[in-house]
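Colleague: I would like to walk through this protein with you, one question at a time. Please show me the model before we begin.

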Amino acid sequence: MKHLKRILILSLCLVILCGLSGCVSVGNGKKVIRIAHAQSETHPEHIGLLKFKEYVEANLGDKYEVQIFPNELLGAAQKAIELTQTGAIEFVVAGTANLETFADVYEVFSMPYLFTSEEARHIIGQ
């Protein structure tokens, strides 16, 4: 389980890094990366996002500013996903159940016993 959390956090960071090119610029020339999620400030997702913010701003602080919105500050997961679609925010951390309402392709990940192991899940997802 601990290994799975590390993989999920790493995957989240990779997805976020891949999307940095579409961020909003502010007056000082920095691009703002807005990330919304539904968890509290003590949840591992938020802690992982804080580490991501720390990493990005330490290494790319002259180019990017990361803003994290926990506790559904920008709305529930459905609303936050809609905000990403319109470009109001760059990223949202949401489960596949929320994504299924926007695209049927995500339903496959909600099927029970779909994968025989963690390794099989990662191989198929590549």
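The talk below goes from the overall layout to single residues.

Modeller: Two notes come before your questions. This is a predicted model, so to speak of local features we need pLDDT of at least 70, side-chain atom pairs count only at pLDDT 80 or more, and totals for chains, interfaces and linings use all residues. Residues are numbered from 1 along each chain as its sequence is written, and side-chain values use heavy atoms, with hydrogens and water left out.

Colleague: In what pattern do the helices and strands follow along the sequence?

Modeller: Helices (H or I, at least four residues) and strands (E, at least two) are DSSP runs, numbered from the N terminus. The protein has five helices and four strands. Read along the sequence, their pattern is α-β-β-α-β-α-β-α-α.

Colleague: What percentage of the 126 residues is buried?

Modeller: Buried means under 20% relative accessible area, exposed means over 50%, and partly exposed is in between (1.4 Å probe, protein chains only). Of the 126 residues in the protein, the buried share is 23%.

Colleague: Which elements give two or more residues to the largest nonpolar core?

Modeller: A nonpolar core is a set of buried Ala, Val, Leu, Ile, Met, Phe, Trp, Tyr and Cys residues joined through side-chain atoms within 4.5 Å. The largest one has 10 residues in all, among them Ile33, Leu49, Val66 and Phe91. The elements that give it two or more residues are β2, α2 and β3.

Colleague: How many salt bridges are there?

Modeller: A salt bridge is a side-chain nitrogen of Lys or Arg within 4 Å of a carboxyl oxygen of Asp or Glu. One joins glutamate 90 and arginine 34, at 3.9 Å from N to O. Another joins lysine 53 and glutamate 57, whose closest N and O atoms are 3.1 Å apart. The count is two.

Colleague: How many residues apart in sequence are the parts that glutamate 90 and arginine 34 tie together?

Modeller: Glutamate 90 lies in the loop between α3 (77-86) and β4 (91-92), and arginine 34 lies in strand β2 (residues 31-36). So the pair ties together parts whose separation in sequence, in residues, is 56.

Colleague: Are glutamate 90 and arginine 34 buried or exposed?

Modeller: Glutamate 90 has 14% relative accessibility. Arginine 34 has 19%. By these values glutamate 90 is buried, and arginine 34 also counts as buried.

Colleague: At what distance does the side chain of glutamate 90 reach the backbone nitrogen of arginine 34?

Modeller: This is a polar contact, defined as a pair of N or O atoms within 3.5 Å; within protein, one must be able to donate a hydrogen and the other to accept it, and residues adjacent in sequence count only if both atoms are side-chain atoms. The side chain of glutamate 90 reaches that nitrogen of arginine 34 at 2.7 Å.

Colleague: What separates lysine 53 and glutamate 57 along helix α2?

Modeller: Lysine 53 is partly exposed at 25% relative accessibility, and glutamate 57 is partly exposed at 29%. The two are four residues apart in helix α2 (residues 44-60), so their separation is about one helical turn.

Colleague: Which residues does histidine 46 touch, not counting those up to four places away in sequence?

Modeller: Histidine 46 lies in helix α2. Its relative accessible area is 5%, so histidine 46 is buried. Contact means heavy atoms within 4.5 Å. Leaving out residues up to four places away in sequence, histidine 46 touches His37, Ser40, Glu41, Ile68 and Pro70.

Colleague: How far apart in space are histidine 46 and asparagine 71?

Modeller: Asparagine 71 sits in the loop between β3 (64-69) and α3. Histidine 46 and asparagine 71 are 25 residues apart in sequence. From C-alpha to C-alpha, their distance in space is 9.5 Å.

Colleague: What is the phi of glutamate 72?

Modeller: Glutamate 72 is found in the loop between β3 and α3. Glutamate 72 is partly exposed, at 39%. Although glutamate 72 is not a glycine, its phi is positive, at about 55 degrees.

Colleague: Where does valine 105 lie?

Modeller: At 59% relative accessibility, valine 105 counts as exposed. Valine 105 lies in the loop between α4 (96-99) and α5 (118-124).
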